[in-house]
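Open the model in your viewer and keep the selection tool at hand. Here is a route through it, stop by stop.

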Amino acid sequence: MTLLQTPTLSLPSRPAPDCAALALVNLSAEYGKSRPVLEQVSFVVECGERAAIVGPNGAGKSTLFQVIVGLLPHATGDVLVHGHSHHAGDCPSIGYVPQREAVNWNFPVSVMDVVLMGRVKELGWLRWPGAADRKAAHSALEQVGLEALAARPISDLSGGQQQRVFIARALAQQADVLLLDEPFSGVDVEAQASIFDILDHLQTQNVTVLISTHDLQMATTRFDRLILLNRRVIADGPADSVLTPERLAAAYGGRLTFWRDGEAVTVSADDCCP
Amino acid sequence: MLTFLLAPLQYTFMVRGLAAVVMVGLVCAVVGSFVVLRGMAFFGDALAHAILPGVGVAYLVGGASGPLFWGALGAAILTALGIGAVTRGGRLREDTAIGVVFAGMFALGVALISTARSYTADLAHILFGNILAITNNDLLLIALFGGAILLVIAALYKEFVVISFDPVHAASLRLPVEPLRYLLLVLVAVTVVVSLQTIGAGLMTAMLITPAAAAHLLTKRLGHMISLAAFIGAGAGVIGLYLSYYVAIASGAAIVLVATAGFGGAWLWHTVKQS
């Protein structure tokens with residue numbers, strides 16, 4: 001059960017859409033036949049914007065990320081990265097930070113190995129990472145404060161450190177659009193804070209960040225834009241306009257209760273964990 | 001001691017056998033490292049059994065000296081691609097689909113081979129290997145195809161690592177994830193065929209899985225894991241063959257038992273180190 005306080009004061013409105021880092025156009029996806037997981041999902045994320053996708057379990061958050069990077073074959077619609085369709089060859093690559101549960105932590109690789117994986121496309125076929133790639137990987141590790149752990153196996157790191165390794169991998173990839181799938185689940189408060197420090201720093205460099213989270217409280221307090229998803233986009237905008245009782249009911253069904261207490265709306269969801 | 005090691009070498013079949021087990025142990029271990037890390041052990045086992053119809057057809061065409069290698073190769077690649085397509089996601093769970101395909105293919109192979117008169121002996125050779133009957137031509141095929149497998153893995157090493165570690169990231173890098181996955185399946189298929197005569201279909205999984213699994217317990221670096229697995233695989237082949245010579249037991253079984261003992265040792269070391 002999660003509790004959250006939604007302040008009713010409105011957040012500053014977003015800047016005019018002059019630079020679209022990531023645009024989803026009528027994205028639909030299904031597993032096999034007649035099992036839709038995403039229906040007509042469309043939204044635009046501006047350059048340097050930080051948005052959170054929220055919604056119940058099974059809403060299609062992870063699937064959406066897989067479709068955005070182009071993994072799911074049964075998908076229709078289009079994804080544009082800086083205006084380039086992801087079906088085209090010249091589409092810039094997107095940085096991806098996987099959900100903790102999706103990673104095989106016993107895979108025998110070091111921190112450095114993982115970050116160097118971000119260089120694979122840059123390197124091209126039949127070439128091994130060289131000095132320039134190691135330098136890029138080191139500077140990426142420096143940005144997330146892990147350069148001292150470069151030689152350690154990833155299995156030795158804490159949950160928060162592991163998340164930062166994957167952010168470094170995205171930076172080594174020179175991606176300026178980052179997808180983070182549930183980056184705060186399974187890491188402690190301190191680690192969450194250090195991830196936010198990195199995200200804040202990235203925002204100053206105009207890096208676009210889209211995260212998925214089931215943690216409504218975190219989404220409300222730390223993100224200026226929420227996209228409420230349950231197979232389709234139910235609401236999109238600042239927290240106070242998205243997390244209305246009607247819309248939350250539409251996304252979560254009966255698994256949610258609300259009460260209004262003066263200036264704040266309190267929501268409790270029976271849907272805490274992935 | 002020296003005579004102990006040299007005595008078997010006066011027989012040409014032992015020299016050929018040793019050359020075969022070293023090559024097969026090496027190739028199986030390298031490919032097996034990816035099989036273990038990707039959790040494809042069941043796939044490897046299924047593949048080894050599913051090649052039987054191909055062997056059966058080749059056998060009916062040309063007898064025991066027929067084009068068994070090519071029959072097996074054809075069946076293995078078809079099965080690998082078939083399983084690849086079935087496991088792309090659908091109503092059935094992956095292991096269920098593999099189980100159905102492999103048992104059906106295995107039955108078809110047994111049925112085909114059973115139409116021949118000398119079927120029991122020949123089937124035993126296919127199931128458990130016939131290392132002493134390896135010819136120079138077989139050695140050449142093992143060397144050629146084994147070498148090709150290692151070359152492909154060396155060339156696409158970083159891509160195979162990325163799709164095995166994090167396929168979503170691989171897709172975000174715009175790597176051709178599905179073609180690479182299929183290629184890896186085909187490499188496993190060719191490995192199974194190359195090892196067929198040495199180890200046999202029945203014990204194939206052991207050579208793919210056991211050395212790599214032992215190495216996985218001993219190190220946290222992928223490069224080290226693959227080298228260690230290759231060392232354990234080739235070593236188990238040599239020791240197993242000597243064991244089979246002196247104790248007079250089936251060579252394939254002896255090799256697998258030595259590899260399993262190696263795994264036991266690695267597991268003990270790992271357990272002691274953990275505590």
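Colour chain A by pLDDT. This is a predicted model, and the mean pLDDT of chain A is 84. In chain A, 84% of the residues score at least 70. Now pick out the extremes among the elements of chain A. Strand S1 (residues 2–7) of chain A has the lowest mean pLDDT, 45. Helix H2 (residues 111–117) of chain A has the highest, 96.

Select residues 1–16 of chain A. Across this stretch pLDDT stays under 50. The model still gives these residues 40 contacts beyond four places in sequence. Where pLDDT is low, the predicted coordinates should not be read in detail.

Next, split chain A into its assigned domains. Domain 1 of chain A takes in 2–94 + 175–269. Domain 2 of chain A covers 111–174. Where the two touch, 11 residues come from domain 1 of chain A and 11 residues from domain 2 of chain A. Highlight helix H6 (residues 189–204) of chain A: with four residues, this helix gives the largest share of the domain 1 side. By class, the domain 1 side has seven nonpolar, three polar and one charged residues.

Now show both chains. For the complex, the predictor reports an ipTM of 0.88 and a pTM of 0.88. At the interface, 25 residues of chain B are in contact with 22 residues of chain A.

Which elements of chain B give two or more residues to the side that touches chain A? Select helix H9 (157–165), helix H10 (167–172) and helix H13 (222–247) of chain B. H10(B) supplies the largest share of that side, five residues. The chain B side divides into 12 nonpolar, six polar and seven charged residues.

Hide chain A and colour chain B by pLDDT. Chain B averages 90. In chain B, 96% of the residues score at least 70.

Stay in chain B for three helix pairs.

**H5(B) and H11(B)**

Select residues 68–86 of chain B for helix H5 and residues 177–199 of chain B for helix H11. Their axes come within 9 Å and cross at roughly 150 degrees. An angle over 145 counts as roughly antiparallel, and H5(B) and H11(B) are therefore roughly antiparallel to each other. Their crossing is right-handed.

Show the side chains at this contact. On H5(B), the residues include B:Phe69, B:Leu73, B:Ala76, B:Ile77 and B:Gly84. Facing them on H11(B) are residues including B:Arg181, B:Tyr182, B:Leu185, B:Val193 and B:Leu196. The contact of H5(B) with H11(B) has 17 nonpolar, two polar and one charged residues.

**H3(B) and H5(B)**

Keep H5(B) selected and add H3(B). How do their axes cross, and how closely do they come? The axes of H3(B) and H5(B) come within 9 Å, at roughly 140 degrees. H3(B) and H5(B) are therefore oblique to each other. The crossing is right-handed.

From H3(B), pick B:Phe43, B:Ala46, B:Leu47 and B:Ala50. From H5(B), pick B:Ala75, B:Ala76, B:Thr79, B:Ala80 and B:Ile83. This contact has eight nonpolar, one polar and no charged residues.

**H3(B) and H6(B)**

Drop H5(B). Keep helix H3 (residues 41–50) of chain B and add helix H6 (residues 94–113) of chain B. Their axes are 8 Å apart, at an angle of about 20 degrees. H3(B) and H6(B) are therefore roughly parallel to each other. H3(B) passes H6(B) in a left-handed crossing.

Show B:Phe42, B:Phe43, B:Ala46, B:His49 and B:Ala50 on H3(B). Opposite them, on H6(B), show B:Asp95, B:Ile98, B:Val101, B:Phe102, B:Met105 and B:Phe106. The contact of H3(B) with H6(B) has nine nonpolar, one polar and one charged residues.

Note on methods:
Residues numbered from 1 in each chain as written. Chains lettered and ligands numbered in written order. Predicted model: local features only at pLDDT ≥ 70, side-chain atom pairs only at ≥ 80, totals over all residues. Axes fitted to C-alpha atoms, helices over the stretch in contact; angles between N-to-C directions. Parallel < 35°, antiparallel > 145°, perpendicular 65-115°, else oblique. Left-handed = near helix turned anticlockwise from the far one by under 90°. Contact = placed C-beta atoms within 7 Å. Nonpolar A, V, L, I, M, F, W, Y, C, P; charged D, E, K, R; others polar. Domains from an automatic or database assignment. pLDDT = per-residue confidence, 0-100.
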